[in-house]
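Opening the notebook on this one. I'll jot things down in the order I looked them up.

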Amino acid sequence: MAENLKNTRNIGVMAHIDAGKTTTTERMLYYTGKTHRIGEVHDGAATMDWMVQEQERGITITSAATTTYWKYRNEDIKINIIDTPGHVDFTVEVERSLRILDGAVAVFCAVGGVEPQSETVWRQADKYKVPRIAFINKMDRVGADFYDVVNQIKTKLNATPIPLQIPIGVEDSFTGVVDLIENKAIVWHDDKDLGTKYEYEEVPADMVEQVTEWREKLVESIAEYDDDLLERFFDDPESITFDDLDAVIRKATIDQAIVPVMCGSAFKNKGIQRLLDAIVAFLPSPIDIGGVTGIHPHTNKEIHRNADVKEPLSCLAFKIATDPFVGRLAFLRVYSGAINAGSHVLNVRTNKKVRITRLYQMHANKQNPMDRIEAGDICAAVGFKDLRTGDSLCDIKNPILLEPMTFPNPVIGVAIEPKTQLDVDKLGIALNKLSEEDPTFIVNTDPDSGQTVIHGMGELHLEILIDRLRREFNVECSQGQPQVAYREAITTSVEHREVFKKQSGGRGKFANIIVRVSPVDEGEKGLQFVNEVKGGNIPKEFIPSVEKGFLNAMANGPLGGYPMDSLKVVLLDGSYHPVDSDALSFEIAGRQAFRHATAKAKPILLEPIMNAEVVTPEEYMGSVISDFNKRRGQIEGMEEKAGSRIVKAKVPLAEKFGYVTVLRTLTSGRATSTMEFSHYEEVPGNIAEKVLSNK
């Protein structure tokens, strides 16, 4: 049965850690009838936080997907909800969810306001041009300030927040909201019925003036977006109806010109039904988004596919998960056409046909089998052997390559080894499965020590992964101290001649190349390879082998064997032997030239620098700052918020291990900290010597 795409919403719930994202999602599922009891995060019973580690820690680690229905104006609206993590270590989960969503609900804590991770997820949503609604949660908490949070959304996120509601009361006396569009109060009288019943009332007498002021601001802001409405606003403001406002707010939200703001208390069951109405009313359907653009993998021509079941199939694998019962699940966003269980599709990256054995609609970690999923929908599929996050799947006769996802490089590593011989094979299989699921989790073997080293986005990220090895895969591991993911770079330009000769009876090996290595040009990344060989001194077919040699060699820099992220190589000249030269000779020459040339090009060691933010009571601020100074930190600024001080600093990751415990001691457990990767910077000479001598 083809569903009306106008009545589908693909939305994500995003926020800073502890803003109440999962609680908000749980309430949505309860009111839409998807669950019959409310799962609480603090009881470890949240439906969407289904991993053991999520329930124990009260945080979301994987983005869970679920499908539910909400009745709006007598129509059933299908809502696919993705609940994303708020912790910076799991930023990849947010990134890949936003890539495939049509709209998002940004949840803010009424006390904490716009916190560091709120800014990160907001930037990610900007990158993928995702329209948003803001929901200011925890209005019942001490210190809640709706108007301050609205102001922070404006100043910190450079957005245009437009409140569609204002709160009635605050903290303990928060009882409801005034709907500025309908000019009515909505009041929840009883907590016992879990917020299912609310009543429309007249605006409280003491709020009439305030409501008039905010309603005028709303109509004025919206009218600016629509000339016809603006004229009517000046001529006869009373003539502007509920439907007029609704239509223009929807248009402005989808164009990302405004961010409608709602408020409530998810934990106290207030405000969620109106949030669901707003999701349907103002966030786009797949049709509003207008399909997807990709390129033809063979001709590189741009192709556009509309969100229409009649168009050829195109979909994106945005997440791989391992399920104990059905095996590898690939989460897919279907942009056009339809996908059928048992059918064959093309994986554009591998250029191979793959059979989809089963399709599911997801509810957290439970699956409902489906025969067919159509354009505009989100589903999970089983049957893929070689599938990675970001792969494009499409109709075999009509290939299309969708824009792939980019993921940050991991900044921290830990050496692990299995405790028993029996665990050795199990460990390899488990690590393989985990790295398929998570593109920011990388496993490699240290060439010097032969140890297995796992790399991730932070201490918590690796801690959770090691915990999953133990529980899901029954592999007990010993782990070493955390290691920083250093990088190497060169600082000057060097010309070098490399001659590779080998004679071992019969046919030998020969390659001669002259190269210039230097730092990359501005704006370039990776290996920037330029061929300037004239007159066929090196045959064309051997040139890519030189490039390949350099590319492979960049994994081990000249100083301590750390990777080199970027390098410019100009192949100036060379020569070959008509019998002894082959592709492998030139590849080896490239590898050796890298080692010898970069060693002469004044190589330096780079370390990851983190953006750190600490929220602390004023009396501990001095201790926090002096501790940052000891850690080679640079204080970037200080702010005051809700009676606390916020200290922002840039600190080398190497100095931040175990920081949470130290901060707890310094501030009697009253401060909180967040940290995210900023950039790479040169390690000071004396510290670089120490790092390299310990290598």
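Ground rule before the sheet: I call two strands paired if DSSP finds at least two bridges between them. Also for the record, this is a predicted model.

**Entry 1, the sheet.** With that rule I looked up a four-stranded sheet, and it is open, running β7-β8-β9-β10 with antiparallel pairing. Its edges are β7 (165-168) and β10 (199-201), each of which pairs on one side only. I also checked the twist: neighbouring strands here are turned by 30° against each other on average, direction ignored. Reminder to self: strands of a sheet pair through backbone hydrogen bonds, either parallel or antiparallel.

**Entry 2, one pairing up close.** I zoomed in on β7 and β8 (residues 176-179), which pair in the antiparallel sense over four bridges. Which residue of β8 is the bridge partner of I166? I found V178 there.

**Entry 3, the whole protein.** Stepping back, I counted 17 helices and 37 strands. Of the 695 residues, 55% count as buried. The exposed surface comes to about 30,700 Å², with carbon and sulfur atoms supplying 49% of it. Then I looked at contacts with a separation of 6 or more: residues 24 or more positions apart account for 71% of them.

**Entry 4, N80.** I picked N80, which sits in strand β3 (residues 75-83). Buried or exposed? Its relative accessible area is 2%, so N80 is buried, the cut-off for that being under 20%. Its side chain makes a polar contact of 2.8 Å with the side chain of T67. Leaving out residues up to four places away in sequence, I listed what N80 touches: T8, R9, N10, I11, T66, T67, Q361, D377 and I378. T67 is thus on the contact list as well as being the polar partner.

**Entry 5, I295.** Next I went to I295, in strand β12 (residues 292-295). I got a relative accessible area of 30% for I295, so I wrote it down as partly exposed; that class lies between 20% and 50%. Beyond its neighbours within four places in sequence, I295 is in contact with N300, K301, E302, I303, I400 and L401. How far apart in space are I295 and L402? I got 6.7 Å, C-alpha to C-alpha, for a pair 107 residues apart in sequence.

**Entry 6, side by side.** Last note on the two residues I picked: N80 is buried at 2%, whereas I295 is partly exposed at 30%.

How values were computed
Residues numbered from 1 in each chain as written. Predicted model: local features only at pLDDT ≥ 70, side-chain atom pairs only at ≥ 80, totals over all residues. Heavy atoms only, no water. Helix = DSSP H or I, 4+ residues; strand = E, 2+ residues; numbered from the N terminus. Axes fitted to C-alpha atoms, helices over the stretch in contact; angles between N-to-C directions. Buried < 20%, exposed > 50% of the residue type's maximum accessible area, 1.4 Å probe, protein only. Contact = heavy atoms within 4.5 Å. Areas by Shrake-Rupley, 256 points an atom, 1.4 Å probe, with all protein chains shown as cover. Polar contact = N/O pair within 3.5 Å; in protein donor to acceptor, adjacent residues only side chain to side chain.
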